[in-house]
Amino acid sequence: MKLVPVSAISAHNYCECQIILRYVRKIRAWTPKISKGISVHNTLETEFLKKADISDTIENIVARAEKENAVFSARELFVRSKDERMIGKIDEVEIHPDKIMIIDDKPNAKAYESSKLQVTGYCIVFEAMHSFGKDIFGAIRDRDTGTVIWDEKFESKGELSEKVRQNVSRILDLASGKASPRPTDIKTRCEACSYLDNCTYRI
Ligand code: SF4
């Protein structure tokens with residue numbers, strides 16, 4: 001692994017053994033919950049595309065938002081930064097005249113630290129790719145109700161950003177075998193884990 005998928009940050013915070021199972025042993029977890037998640041995600045994407053009426057670069061959209069004092073949205077935005085060693089796809093980016101919102105959709109969304117770190121990871125990569133001179137906000141949105149349940153101004157040198165960068169280093173060390181994974185010591189996490197049947201680390 002050369003670049004860390006931003007979604008791996010959330011998995012790493014749940015239990016770092018998931019990094020070994022998913023990215024080293026290449027085990028694909030498949031549960032009814034995951035299957036439902038993919039289906040809802042695809043429906044949101046299809047609904048968005050039905051209403052989408054612009055195909056343009058993000059740079060042009062940012063300029064239009066300012067000029068027309070309007071809000072635009074882009075979904076499934078691919079982001080990648082070699083310097084920040086991360087890669088990913090942002091669920092939705094809202095481009096306002098004065099700010100940019102990076103939104104991650106979660107089922108039964110709660111403001112868990114793992115979710116905050118994941119969305120902060122997207123903000124880091126987005127900022128590394130674009131310098132629009134606008135404030136960037138990270139937001140977690142409940143996928144089922146469409147309600148934003150947490151948002152915060154992104155700070156590149158803030159506590160969440162520093163934790164993301166530490167997580168990225170650790171994930172790369174785990175994936176390369178430089179570090180050994182520490183299994184969670186929370187039994188209920190193992191019981192709810194989608195890798196349970198394939199995990200040799202479980203409690
Ligand atoms: S089953 Fe337990 S130890 Fe294994 S990956 Fe899941 S949470 Fe970690």
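Which residues in helix 2 are buried? Keep that in mind while you get your bearings; we'll select that helix soon.

**The whole chain**

Start with everything on screen. You're looking at a predicted model, so colour it by confidence before anything else. The chain has a mean pLDDT of 91, with 98% of its residues at 70 or more. Now pick out the two extremes: confidence is highest in strand 1, residues 4-5, at 98, and lowest in helix 3, residues 32-51, where the mean is 72.

Switch to a cartoon view. You should find seven helices and six strands. Walking from the N terminus, the order of the elements is β-α-α-α-α-β-β-β-α-β-β-α-α. The radius of gyration is 18 Å, close to the 17 Å that the globule rule gives for 203 residues, so the chain is as compact as a globular protein of that length. Turn the model along its principal axes, and the C-alpha atoms fill a box of roughly 55 × 35 × 25 Å.

Two more numbers for the chain as a whole. Of its 203 residues, 29% count as buried. And if you take the contacts with a separation of 6 or more, 64% of them join residues 24 or more positions apart.

**The ligand**

Next, select the ligand and show what surrounds it. There are 14 residues around the ligand, and the closest are Cys15, Cys17, Cys190, Cys193 and Cys199. Two elements give two or more residues to this shell: helix 2 (17-24) and helix 7 (187-192). What kinds of residue make up the shell, by class? Ten are nonpolar, two are polar and two are charged.

Which element gives the largest share of the shell? That's helix 2, with three residues.

**Helix 2**

So select residues 17-24 and come back to our opening question. Cys17, Gln18, Ile19, Ile20, Leu21 and Arg22 are the buried ones. With six of its eight residues buried, helix 2 is mostly covered. What do those buried residues pack against? Show helix 1 (7-14) and helix 6 (159-176), and you have both partners.

**Two residues with a positive phi**

Now step just past the end of helix 2 and click on Lys26, in the loop between helix 2 and helix 3. Most residues other than glycine have a negative phi. Lys26 isn't a glycine, yet its phi is positive, about 60°. Is Lys26 buried or exposed? Lys26 counts as exposed because it has 7 C-beta neighbours inside 10 Å, and the exposed class takes in residues with 12 or fewer.

Go on to Asn69, in the loop between helix 4 (58-68) and strand 2. Asn69 also has a positive phi, about 50°, although it is not a glycine. Asn69 is exposed too, because 10 other C-beta atoms lie within 10 Å.

**Strand 2 and the loop after it**

Select strand 2, residues 72-81, and click on Ser73, which is found there. Why is Ser73 called partly exposed? Because it has 16 other C-beta atoms within 10 Å, a count between the cut-offs of 12 and 20. Which residues does Ser73 touch, leaving aside its neighbours within four places in sequence? Show Glu92, Val93 and Glu94, which are in contact with Ser73. Then try the distance tool: the C-alpha atoms of Ser73 and Asp98 are 14 Å apart, with 25 residues separating the two along the chain.

Move to Lys82, in the loop between strand 2 and strand 3 (86-95). Lys82 is exposed, because it has 10 other C-beta atoms within 10 Å. Use the distance tool again, this time from Lys82 to Phe154: they are 20 Å apart, C-alpha to C-alpha, and 72 residues apart in sequence.

**A hairpin to finish**

For the last stop, select strand 5 (residues 135-142) and strand 6 (residues 148-153). How many bridges join strand 5 to strand 6? There are five, and the two strands run antiparallel. To see one of the pairs, highlight Phe137 and its bridge partner in strand 6, Lys153. The two strands form a hairpin with five residues between them. Click on Gly146 in the turn, and you'll find a positive phi of about 80°.

How values were computed: Residues are numbered from 1 along each chain as its sequence is written. This is a predicted model: local features need pLDDT of at least 70, side-chain atom pairs count only at pLDDT 80 or more; totals for chains, interfaces and linings use all residues. A residue is near a molecule or strand if its C-beta atom, placed from the backbone, lies within 6 Å of it. Helices (H or I, at least four residues) and strands (E, at least two) are DSSP runs, numbered from the N terminus. Ala, Val, Leu, Ile, Met, Phe, Trp, Tyr, Cys and Pro count as nonpolar, Asp, Glu, Lys and Arg as charged, and the others, Gly among them, as polar. Two residues are in contact if their C-beta atoms, placed from the backbone, lie within 7 Å. Two strands pair if DSSP finds at least two bridges between them. pLDDT is the predictor's confidence in each residue, from 0 to 100. The radius of gyration is taken over C-alpha atoms; the globule rule is 2.2 Å times the number of residues to the power 0.38.
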